[in-house]
Amino acid sequence: MAKTRAAITGVEGYVPDYVLTNQELETMVETSDEWITSRTGIKERRILKGEGKGTSVMGIKAVKGLLKKTNTNAEDIELIICATVTPDMTFPSTANVISAGVGAVNAFSYDISAACSGFLYALTTASQFVETGLYKKVIVIGADKMSSIIDYKDRTTCIIFGDGAGAVLLEPTEEETGIIDSIHKSDGAGAEFLNMKAGGSRYPATHETVDNMWHYARQDGATVFKFAVTNMADYAAKIMERNNLSADDVDWLVPHQANKRIVDATANRMGVTDNKVMMNIEKYGNTTAGTIPLLLWDYEKQLKKGDNLVLAAFGGGFTWGAIYLKWAYNS
Ligand code: UT7
């Protein structure tokens with residue numbers, strides 16, 4: 001009997017309208033378009049504006065678009081997993097809010113917190129439910145409103161991050177497509193280099209935590225960069241090796257969009273040429289859990305059934321990993 005795999009059968013994204021350009025950032029912090037472009041590859045990012053609007057607003061738009069595009073009834077969805085580090089609230093989960101917002105009344109739902117690797121962790125988790133035959137329609141979302149935790153006076157973070165959401169539908173297939181292999185790792189020793197210190201149980205919000213600016217994401221950029229380059233490239237290479245994939249066999253590298261230089265290092269290590277590397281960092285920046293589904297959304301029309309994709313990510317935690325999948329449809 002053929003193995004049941006979990007295949008992505010549709011993808012949709014959503015980015016807010018407001019465009020924060022490098023030029024506007026030049027008026028906010030000591031930086032330049034030239035520095036940002038050459039050090040990161042980013043030209044602009046999107047920002048979700050409006051009082052009381054959380055990550056779920058973008059997740060709901062992406063999922064509604066996905067349901068429409070794939071001709072799927074919201075009532076038929078059995079499970080929704082949302083990867084995010086910027087949930088609407090500490091609880092309930094943003095996935096619960098999104099489920100209600102799209103009318104997925106028969107689904108159960110929960111969030112996964114793995115920062116920039118969140119979408120990959122969620123995809124691997126969701127795929128298990130499909131491979132075992134338990135569920136037939138599962139949605140995986142990667143969504144972050146990074147602007148809600150960014151200090152727009154800190155030039156080492158505010159130039160990088162943006163807001164956005166992407167969602168995929170996972171369904172079972174007996175064809176030779178879908179998620180073939182995944183490999184993940186985390187190391188909490190990285191917590192000190194990239195975190196948001198307050199707002200959790202260790203430092204609940206007080207006047208002091210606000211005055212100390214502890215409710216913003218902080219990073220030791222150079223250290224994160226070093227670990228990202230090594231681990232993302234290592235894991236992308238590892239998944240190729242254990243699936244006997246040569247650089248020629250790989251049709252697309254789908255890399256987390258943190259910094260163009262990290263992506264280039266990963267592609268080099270794999271031996272994959274630039275024309276096979278999905279990139280959209282220049283227009284969205286780093287949307288944390290949103291980057292990989294937003295890439296799939298942007299490149300969907302270029303993807304062909306049977307294409308070999310290697311997805312790779314590295315982020316806060318530290319967390320990292322790679323997924324090898326065969327694309328399941330022609331658009
Ligand atoms: O998604 C996962 C999470 N994050 C990442 O993966 C981010 C990984 N790190 C990075 O992408 C890079 O480290 C950054 C883009 C954050 C910084 O680039 P860098 O090449 O590592 O710069 P640096 O931190 O080593 O700083 C070099 C110089 C410093 O000045 P001095 O000390 O040499 O005079 C910084 O103060 O660049 C300065 N600098 C800036 N200058 C203009 C730092 N940020 C800026 C800025 N504009 N925005």
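**Group meeting: two sheets regions, one loop, two cysteines**

β11 and β12 pair in the parallel sense, over four bridges. Keep in mind that this is a predicted model. One contact to find on screen: P255 has A312 in β12 as its bridge partner. Now bring in the helix. α10 packs on the sheet and touches both β11 and β12. Its direction makes about 140 degrees with that of β11.

Step back to the whole sheet. It is open, with four strands in the order β8-β13-β12-β11. The pairing is mixed. Which strands stand at the edges? They are β8, residues 178-186, and β11, residues 252-255. Each has a single partner strand, so one side of each is left without a neighbour in the sheet. Neighbouring strands here are turned by 15 degrees against each other on average, direction ignored.

Next, the loop. K301 lies between α10, residues 291-299, and β12, residues 308-315. Is K301 buried or exposed? Exposed, because its relative accessibility is 75%. Look at S331 too. K301 and S331 are 30 residues apart in sequence. In space, their C-alpha atoms are 5.7 Å apart.

Now move to β6, residues 138-145. Eight of its eight residues are buried, so the strand is largely enclosed by the rest of the structure. In a regular strand, side chains alternate between the two faces of the sheet. Here is how that looks in β6. V138, V140, G142 and D144 point one way. I139, I141, A143 and K145 point the other way. Note that D144 and K145 are among the buried residues.

What pairs with β6? Strand β4, residues 79-83, runs parallel to it, joined by five bridges. L79 stands opposite V138 in that pair. Strand β7, residues 163-173, pairs with β6 in the antiparallel sense, over eight bridges. There, A143 stands opposite A165.

Last topic: cysteines. How many disulfides does the structure hold? Zero. A disulfide is a covalent bond between the sulfur atoms of two cysteines. Take C82. Why is there no bond from C82? Its closest cysteine sulfur is in C116, 14 Å away, and that is too far. The cut-off used here is 2.5 Å between sulfurs. Both cysteines are buried: C82 has 0% relative accessibility, and C116 has a relative accessible area of 9%.

To recap. β6 is largely enclosed, K301 is exposed, and the structure holds zero disulfides.

Conventions: Residues are numbered from 1 along each chain as its sequence is written. This is a predicted model: local features need pLDDT of at least 70, side-chain atom pairs count only at pLDDT 80 or more; totals for chains, interfaces and linings use all residues. Side-chain values use heavy atoms; hydrogens and water are left out. Buried means under 20% relative accessible area, exposed over 50%, partly exposed in between (1.4 Å probe, protein chains only). Two strands pair if DSSP finds at least two bridges between them. Axes are lines fitted to C-alpha atoms, for helices over the stretch in contact, and angles run from 0 to 180 degrees between N-to-C directions. Contact means heavy atoms within 4.5 Å.
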